[in-house]
Each structure stands twice: as structure tokens, then as C-alpha cells.
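New to this one? Take a moment to turn the model around on your screen, and then read on.

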Amino acid sequence: SSWARRRRFRQEYEMHPAYTLESPMDVAALFMVAVAKSDGDMTKGQKDTILSLFVTEFSLNDVKSIALLGSSVHIFGRGDDVLDNPSRVLSRTMDSFTATQVASVLSMLKQVANAEGEPRNSQQKLINKIALAMPNSKQ
């Protein structure tokens, strides 16, 4: 029915954009931003690390890397939705991640956390939480 369709559209529309990501790359990018911003602002070192990972791991050029970082920061917003519910961020991409991609994402998150030296406790906790939420996670 059109009522059901409108209602479904409204639920989608009201859903946090972090929970509607369809591409593993977008999810990975958002998680990288989340680790960088887990307790405050992203540092220049973290930003540079993320951008260079976008280029090396996702084969994006500089322009696309900057656009992906910008959209990820925008979707992250205040961050609560992402920090509290990594499994909901993954809800639409669970079946799309290969075991190799999962390992790659976790490795990239660690590189972001190490961008400024020793990872902070909040970053380590978030990476553990994301790791548990990821598909095929063999801890």
C-alpha cells in the first residue's frame, strides 16, 4: 500500500545516515573518522593518515579522498550514534564484507589510532567494539 511505502520512506528518512550506508568502503571510512574523533577533534596527523589510507587502500585519488573524508565527518556528526552502535552502522553491509576486508578495516583503524603515537584508551575500546561488531570476526 502507498501508506506502508510512505511510512517506510519516513522511517528511512528519519534514520541516522550512519545506519543507511550500503558500501563497505563508506562504513570503513566512517569507522576511521570515529576512531580519530572518539574523544574530541581529529588531529592533523590522523587526518593525513586517513587520507593516505583512502589513496592506498581504496585506490581513490586526492579529490575523491578529501570528498570521502568530508562526507564521513558530516555523517559522523556529534558521533553518539556511531560510537554507541557500530553494529547498526554495519547492518546493511554485513554480507558484503569479505574476511580479508574485515582484517583490512581493523588494520586501518589501528593505523589511525597510532597516528599520534600511543592510542588512547577510548580509541582502543572503540576498535575492540567495532571488531566485535564486524562480520566473521574471529577474536
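Here is a short tour, going from the whole chain to one helix and then to a few single residues.

**The whole chain**

What you are looking at is a predicted model. Its secondary structure is simple to sum up: there are eight helices and zero strands. Walk along the sequence and you get the pattern α-α-α-α-α-α-α-α. The radius of gyration is 15 Å, close to the 14 Å that the globule rule gives for 139 residues, so the chain is as compact as a globular protein of that length. Along its principal axes, the C-alpha trace spans about 55 × 35 × 30 Å.

How much of the chain is tucked away? Of the 139 residues, 40% count as buried. The accessible surface comes to about 7,900 Å², and carbon and sulfur atoms hold 52% of that. Contacts also reach a long way along the sequence: take those between residues at least 6 apart, and 76% of them join residues at least 24 apart.

**Helix H8**

Now zoom in on H8, which covers residues 121-133. This helix has 13 residues and reaches 19 Å from its first C-alpha to its last, close to the 18 Å expected at 1.5 Å a residue. Which residues of H8 are buried? They are Gln123, Leu126, Ile127, Ile130, Ala131 and Ala133. Seen down the axis of H8, these buried residues fall within an arc of 160°, so they line one face of the helix. A bit of helix geometry helps here: an α-helix has 3.6 residues a turn, so residues three or four places apart point the same way.

Flip to the other side of H8 and you'll find Asn121, Lys125 and Leu132 exposed. As for the buried residues of H8, their cover includes H2, H3, helix H5 (80-84), helix H6 (86-89) and helix H7 (99-113).

**Four residues to look up**

Here are four residues from other parts of the chain, with how open each one is.

| Residue | Relative accessibility | State |
|---|---|---|
| Ala28 | 2% | buried |
| Gln46 | 1% | buried |
| Ser59 | 64% | exposed |
| Ser96 | 36% | partly exposed |

Start with Ala28, which lies in helix H2 (residues 24-36). Leaving aside neighbours within four places in sequence, Ala28 is in contact with Phe58, Val105 and Met108. Ala28 and Ser72 are 44 residues apart in sequence, yet their C-alpha atoms are 9.5 Å apart in space.

Gln46 sits in helix H3 (residues 44-58). What does Gln46 touch, not counting residues up to four places away in sequence? The list runs Ala36, Asp41, Val112, Ala115, Glu116, Arg120 and Gln123. Gln123 came up earlier too, as one of the buried residues of H8.

Ser59 is in the loop between H3 and helix H4 (62-76). Its phi is near 55°, a positive value in a residue other than glycine. Why does Ser59 count as exposed? Its relative accessibility is 64%, and exposed means over 50%.

Last up is Ser96, in the loop between H6 and H7. Not counting residues up to four places away in sequence, Ser96 touches Pro24 and Gln101. Ser96 and Pro135 are 39 residues apart in sequence and 9.2 Å apart in space, C-alpha to C-alpha.

Methods:
Residues are numbered from 1 along each chain as its sequence is written. This is a predicted model: local features need pLDDT of at least 70, side-chain atom pairs count only at pLDDT 80 or more; totals for chains, interfaces and linings use all residues. Side-chain values use heavy atoms; hydrogens and water are left out. Helices (H or I, at least four residues) and strands (E, at least two) are DSSP runs, numbered from the N terminus. Buried means under 20% relative accessible area, exposed over 50%, partly exposed in between (1.4 Å probe, protein chains only). Contact means heavy atoms within 4.5 Å. The expected span of a helix is 1.5 Å times one less than its number of residues. The arc is that of the directions from the helix axis to the C-beta atoms. The radius of gyration is taken over C-alpha atoms; the globule rule is 2.2 Å times the number of residues to the power 0.38. Accessible areas come from the Shrake-Rupley method with a 1.4 Å probe; for residues, only the protein chains shown count as cover.
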